[in-house]
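Trainee: Could we go through this structure together, one question at a time? I would like to see how each answer is reached.

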Amino acid sequence: MTHEERRRIAAWLADGLGYAEIGRRLSRPTSTISREVARNGAPSEYLADHAQEAAGHRARRRKPVRPAEPAADGQPTELMRGFVDEFATLLTATGLPRMTARVFTCLLTADADGLTAADLVHRLRVSPASVSKSIAHLEAMELVVRQLGLGGRRERYVIDDDVWLRAWQADTGAHGRIATAAERGIEIFGADTTAGARLGRMGQFFARLSEQMSGSSLSETVVYDALTMLAALLHAGRPLTLDTLVTALAWPRDRATAALDAIQCQPAIADPLALRVIGPETYTVITRPDRLSPAQREALRDAPSRRAGYGSRRPARGAGRA
């Protein structure tokens, strides 16, 4: 806390402000203000200069923190252990149990050949049972790979280069299953009920999330062709057959088919549009059903239009006459 902040605290205490209000004004927790005042006397006795001087004395009495020394035999330093605990705490916010997050972070920061169960027990200073349970959890999520060590002795656990892709795909699958479950709930509760409407919004959210996270194995050329196909259908403003598209774009038939297949396999390419098949090899473009609610669509249909152009006004009666 700075000297200026302490002066403000003294002035605001003299004005009768409470700790909560002072903390709000300084963007500090109320507990910080209360400790500061308690450490340096009662509210009526709090003096900014005295508090600043006392803080300086306390700082000088503290022993300097020694930098972590490199550990021998490849064992982690205290600084490394601190990072493992800190990073594991962040991972627990994603849903991983605390011990599982610590084991995962320990493996994440290990050398390329990984660690054995005994290594994990030693580094984390926990029981073998805790490590075994955490490894089982990580294996079920496909975040850890089990390998045999040299000579076929002692299994080692490693994190390979594809771990993030698998974790991403696992989340994507879960999102897709949630969207499917929401659709089933709508059928059970009814689309016109409060529960059905709520499930509908949730299903749309997770469906889009799954769609966007699923990634695409399509080449850039196919994606570019798919966007060109959408532009052609949008420009035409009417349904077109595959033969018409092939002729208009001057493409080989298999190229046009590949572009249409890409849009159908990866709907996110077309967002906020959607490809609609209305007959044998006949296609058109519509807006995605989940982009506008029924009420929004109805409001847009009923909205007045100005044929003369945006912002135009009808001329006054008699205007323009000779």
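Mentor: Happily; what follows is a set of questions and answers on a predicted model.

Trainee: Let's begin with the helices. How is helix 5 oriented relative to helix 6, given an angle of about 125 degrees?

Mentor: Helix 5 covers residues 78-92 and helix 6 covers residues 98-108, and their axes are 8 Å apart. The angle between them is about 125 degrees. Angles of 65 to 115 degrees count as roughly perpendicular and those over 145 as roughly antiparallel, so helix 5 is oblique to helix 6.

Trainee: Which residues make that contact, and what is the count by class?

Mentor: Helix 5 contributes V84, D85, F87, A88, T89, L91 and T92. From helix 6 come R98, A101, R102, F104, T105, C106 and L108. By class, the contact has eight nonpolar, three polar and three charged residues.

Trainee: Is the crossing of helix 5 with helix 6 left-handed or right-handed?

Mentor: Handedness depends on which way the near helix is turned from the far one, and clockwise is the right-handed case. For helix 5 passing helix 6, the crossing is right-handed.

Trainee: Moving along the chain, how are helix 6 and helix 7 oriented to each other?

Mentor: Their axes are 11 Å apart, and the packing angle is about 110 degrees. The range from 65 to 115 degrees counts as roughly perpendicular. Helix 6 and helix 7 are therefore roughly perpendicular.

Trainee: How do the residues of that contact divide by class?

Mentor: On the helix 6 side we find R102, V103, C106 and L107. Helix 7 brings L120, R123 and L124. The contact of helix 6 with helix 7 divides into five nonpolar, no polar and two charged residues.

Trainee: And how many charged residues are in the contact of helix 7 with helix 8?

Mentor: Helix 7 (residues 117-124) and helix 8 (residues 128-140) pack at about 120 degrees, with axes 9 Å apart. A117, L120 and V121 in helix 7 meet P128, V131 and I135 in helix 8. The class count is six nonpolar and no polar residues, and for charged residues it is none.

Trainee: Which residue in the loop between helix 7 and helix 8 has a positive phi?

Mentor: The phi in question is near 60 degrees, in a residue other than glycine. Its place is the loop between helix 7 and helix 8. The residue is R125.

Trainee: Where is the cis peptide bond from D271 to P272 found?

Mentor: Omega for the bond from D271 to P272 is near 15 degrees, and the bond is cis. P272 is found in the loop between helix 13 (253-265) and strand 5 (273-279).

Trainee: Last topic: which helix gives the most to the lining of the largest pocket?

Mentor: The largest pocket has a volume of about 420 Å³. Of its 20 lining residues, G200, R201, Q204, P289 and D290 are the closest to its centre. Two or more residues come from each of helix 9 (163-189), helix 10 (194-213) and helix 14 (294-302). With eight residues, the one that gives the most is helix 10.

Trainee: How does that lining split by class?

Mentor: Gly counts as polar in this scheme, while Asp and Arg count as charged. The lining of the largest pocket has nine nonpolar, six polar and five charged residues.

Terms used. Residues are numbered from 1 along each chain as its sequence is written. This is a predicted model: local features need pLDDT of at least 70, side-chain atom pairs count only at pLDDT 80 or more; totals for chains, interfaces and linings use all residues. Side-chain values use heavy atoms; hydrogens and water are left out. On a 1 Å grid over the protein atoms alone, a cavity is a set of points where a 1.4 Å probe fits but cannot get out, and a pocket is an open set with protein on both sides within 12 Å along at least five of seven lines; lining residues have an atom within 4 Å of a point. Grid points are joined across faces, edges and corners, and a volume is the space filled by probe spheres set on the points. Helices (H or I, at least four residues) and strands (E, at least two) are DSSP runs, numbered from the N terminus. Axes are lines fitted to C-alpha atoms, for helices over the stretch in contact, and angles run from 0 to 180 degrees between N-to-C directions. Angles under 35 degrees count as roughly parallel, over 145 as roughly antiparallel, 65 to 115 as roughly perpendicular and the rest as oblique. Contact means heavy atoms within 4.5 Å.
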